[in-house]
Amino acid sequence: MASELDGLPVIATRREEAEGFLQGLVSKSLGWARKYSLFTYPFVTACCGMEYMTMASARYDSDRFGAAMPRFSPRQADLLMVVGTVNCKQAPILRRVYEQMADPKWVMAFGVCASSGGFYDNYATVQGIDRIIPVDVYVPGCPPRPEQVLDGIMLLQKKIQNQSHKLIDRKPLPVIAGGAGR
Amino acid sequence: MSEAKGVGGIDPRATPGSAGAGERPPVGTLAPAGEGELYAPMPSKHMVINLGPSHPAMHGVTRAVVELNGEIIEEMKLDIGFLHRGFEKSCENVTWGQVFPYTDRLNYVSSIMNNVGFALAVEKLAKLDVPERAKYLRVITSEIHRICDHLTLVGAMAMELGAMTVFLYGIEARDLLWDRLAELCGARLTSNYARIGGVARDMPEGWQEKTLKVMDRVVAIREEIGQLLNRNRIFIDRCRNTGKVSREDALELGFTGPCLRASGEPYDVRKAAPYLVYDRLDFDIPVGSNGDNFDRYLMRMEEMRQSDKIVRQCFEQMAPGEIIVQDFRYALPPKPLVYGTIEGVMAHFKLVMEGIKIPAGEVYSYTEAANGELGFYVVSDGGGRPYKLGLRAPGWPMLAALPVMTKGSLLSDLIPTFDSINMIGGEVEQ
Amino acid sequence: MSKAVIAALVERFPDAVHAPYEGVGGDDCAFVERSRIVDVCRFLKEDPALAFNMAPYITAVDYLGATPRFEVVYNLLSTVHNKRVRLRVKVPEGPEGVVPSVTSLWRGADWFERYCWDMYGIPFSGHPDMRRLLMYDEFEGHPLRKDYPLRGRQPLVAEREVHDIFRGPGPASRD
């Protein structure tokens with residue numbers, strides 16, 4: 001991941017340099033803080049939910065990665081885990097949940113059904129949630145073993161660390177056309 | 001409350017008990033009457049609230065729209081289909097052997113029972129008999145998965161009523177069993193173990209001893225769970241006399257399995273129409289008396305005990321032998337034959353590309369899965385693919401009856417009721 | 001095993017029950033006239049010698065190319081006598097192929113009949129709440145019909161509001 005710092009102009013005033021340096025420090029420390037306090041929203045629909053249970057409980061213990069706190073309100077969560085198959089009836093609800101989450105937010109496609117539709121290639125199933133919402137990490141497997149999910153969490157943490165974070169982020173929210181968000 | 005004065009037809013200035021104050025609230029629920037100006041009558045209000053589908057208590061896939069009068073459920077509508085993924089349509093487009101992975105994902109907590117149920121349906125249609133050892137292996141794995149299913153149910157039910165410990169214990173015990181199943185069939189959750197005419201693999205060496213050891217540990221954990229819940233005041237208060245179903249209602253609504261037996265009807269397919277080797281095994285069918293949530297919970301605990309007994313008996317009775325029929329019209333030939341002989345290659349090719357030829361006809365086969373009767377209505381046109389594969393999901397009638405079960409009860413009683421019927425989205429919504 | 005059930009049915013309804021046969025594995029099956037299915041089921045349920053107190057599974061099959069095209073299959077169970085019977089009803093395609101509902105006998109048949117309507121487009125008369133069950137209202141066609149394509153995906157629709165779902169009988173105070 002190229003950070004925003006790479007794109008800075010070579011010739012800069014001392015003030016800009018100082019600001020950029022400060023911004024880099026802020027971004028790094030915010031990234032560090034954010035990657036270890038992922039509040040997850042488990043959007044559990046299907047089989048993978050059983051492995052989600054295992055992953056969250058004592059033996060595999062996603063708490064070690066700071067991602068153990070399931071928040072059952074999307075407004076309090078920053079990691080949306082889409083666990084299981086999403087079909088055409090479920091899709092608008094997933095979209096609505098995603099839109100209710102506050103920035104910064106990340107999405108993990110847990111299992112092959114969420115990633116690509118899996119072997120349910122038929123009239124009812126959405127062929128991957130990335131047709132509806134953006135996805136950061138795909139975890140394959142039907143269902144994935146808990147180790148795979150932990151690996152996915154670690155990949156996401158790496159991604160979060162390398163992103164640019166700002167103290168105040170006033171970027172306008174992206175407006176996605178159509179859909180059911182209200 | 002036709003003469004409306006103020007909010008909800010109640011005049012806030014009227015003295016309690018007088019005509020303007022509306023109906024007296026039920027005793028014990030609100031502040032006692034007669035406290036003059038300090039007393040604020042709390043009129044119960046009609047409201048329609050939405051639960052789910054993305055709600056932890058609705059298991060992610062059921063949308064319930066509840067009309068409340070205060071806290072009392074007056075009317076409830078269920079909207080399902082949020083996990084409909086075209087099971088039947090998909091199965092009609094693959095060969096008979098390829099259906100097994102789809103059946104895994106019906107009741108994903110106890111997938112081997114679905115495998116076995118489907119294999120038995122096809123074997124019934126093809127009039128195929130399975131080797132003895134395969135029958136025992138099917139019963140052993142099914143009963144282990146029954147324990148997994150009930151552990152998950154009890155854990156999830158207790159968790160949603162506030163007892164997180166039970167959930168962690170249950171998951172630990174379930175993981176131990178899944179490890180053993182992973183050694184046997186290679187997957188933790190979606191096992192894909194049964195085949196038409198037998199099972200996929202024999203037990204690895206030392207598996208029996210390891211499994212028995214794990215079962216002892218599971219028994220210990222189950223006893224601990226029992227100690228935590230059986231006399232737990234909070235748990236009993238929330239479960240006893242909630243979600244009650246009488247025996248007649250349960251029959252009319254089509255309940256099967258533990259929910260039917262909790263209401264007092266001693267019907268179990270394993271006893272009524274024994275399949276595999278259940279007629280040679282000594283086990284009891286627990287029957288409840290009240291038909292409430294607590295009975296359904298106790299039913300699960302007792303069934304785990306009986307399943308444990310069944311597995312141990314099977315290990316004792318089992319003899320070495322074939323695990324799949326040696327008929328290459330149905331079972332894949334062993335690899336040396338495939339690589340070494342032309343007959344083996346041809347049989348393998350035909351089975352994989354065209355599928356097993358099942359004689360034309362239709363059959364309804366039923367087995368006792370963890371939640372009740374798992375039925376498959378199979379229609380074959382003589383080809384390599386199912387013409388119709390109808391699934392009778394065990395949890396279906398129980399979910400359909402949820403509005404009946406919760407009518408007139410408190411909203412909070414919906415949670416234990418919904419848990420104790422064990423709705424599994426994969427099988428109900430197919 | 002339970003030849004008596006089919007014999008009793010044929011004797012009681014000689015014009016409505018025909019072609020009884022023993023299915024694979026010894027199941028008792030018979031074809032029933034569409035208009036008489038409720039009478040036959042009521043007899044099966046209320047006669048104490050039969051006492052079919054449960055309808056565990058009702059489904060439909062699409063025999064594309066045959067006339068009549070559809071078939072509704074009733075699997076009935078008597079827990080009293082531990083007997084099962086399977087009734088098959090031929091249903092033609094189109095609006096004239098209405099099947100009388102058996103929900104008045106077994107409330108558990110409710111969702112099974114809605115399922116038949118949703119997946120095969122077989123209407124039931126006398127059903128209290130005939131709506132789609134698994135698919136959404138905007139979905140066109142009936143997916144389990146043999147002439148519906150496997151990958152016949154339809155455009156996504158907006159989420160339904162609460163008042164759109166709650167359409168059952170209830171007090172008028174509802175918004």
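**Chain C against chain B, and two helix pairs in chain B**

Biologist: How many residues of chain C are in contact with chain B in this model?
Modeller: The model is predicted, and contact here requires C-beta atoms within 7 Å. On the chain B side, 40 residues take part. The number of chain C residues in contact with them is 36.

Biologist: Which element supplies the largest share of the side of chain C that touches chain B?
Modeller: Elements of chain C that each supply at least two residues to this side are β3 (54–62), β4 (70–78), α3 (109–120) and α4 (162–165). By class, this side has 19 nonpolar, 11 polar and six charged residues. The largest share, six residues, comes from β3(C).

Biologist: Where in chain C does pLDDT stay under 50?
Modeller: Chain C averages a pLDDT of 81, and 89% of its residues score at least 70. For the model, the scores are ipTM 0.86 and pTM 0.84. The stretch of chain C with pLDDT under 50 has 12 contacts beyond four places in sequence, and it covers residues 168–175.

Biologist: Is α4(B) roughly parallel or antiparallel to α5(B)?
Modeller: Helix α4 (residues 132–160) and helix α5 (residues 164–185) of chain B have axes 8 Å apart and pack at an angle of about 160°. Angles over 145 degrees count as roughly antiparallel. Therefore α4(B) and α5(B) are roughly antiparallel.

Biologist: How many nonpolar residues are in the contact of α4(B) with α5(B)?
Modeller: The crossing of these two helices, α4(B) and α5(B), is left-handed. Residues of α4(B) in the contact include B:I144, B:L151 and B:M159, while those of α5(B) include B:F167, B:L177 and B:W178. Beside four polar residues and one charged residue, the number of nonpolar residues in this contact is 16.

Biologist: What is the orientation of α6(B) relative to α11(B)?
Modeller: The axes of α6 (residues 207–229) and α11 (residues 293–317) of chain B come within 11 Å and cross at roughly 165°. With the limit for this class set at over 145 degrees, the angle makes α6(B) and α11(B) roughly antiparallel.

Biologist: How many charged residues are in the contact of α6(B) with α11(B)?
Modeller: The helix α6(B) passes α11(B) in a left-handed crossing. From α6(B), B:Q208, B:L212, B:M215, B:V219, B:R222 and B:G226 meet B:M301, B:M304, B:D308, B:V311 and B:F315 of α11(B). Seven of the residues in this contact are nonpolar and two are polar, and the number of charged residues is two.

Conventions. Residues are numbered from 1 along each chain as its sequence is written. Chains are lettered from A and ligands numbered from 1 in the order in which they are written. This is a predicted model: local features need pLDDT of at least 70, side-chain atom pairs count only at pLDDT 80 or more; totals for chains, interfaces and linings use all residues. pLDDT is the predictor's confidence in each residue, from 0 to 100. Helices (H or I, at least four residues) and strands (E, at least two) are DSSP runs, numbered from the N terminus. Ala, Val, Leu, Ile, Met, Phe, Trp, Tyr, Cys and Pro count as nonpolar, Asp, Glu, Lys and Arg as charged, and the others, Gly among them, as polar. Axes are lines fitted to C-alpha atoms, for helices over the stretch in contact, and angles run from 0 to 180 degrees between N-to-C directions. Angles under 35 degrees count as roughly parallel, over 145 as roughly antiparallel, 65 to 115 as roughly perpendicular and the rest as oblique. A crossing is left-handed if the near helix is turned anticlockwise from the far one by less than a right angle, and right-handed if clockwise.
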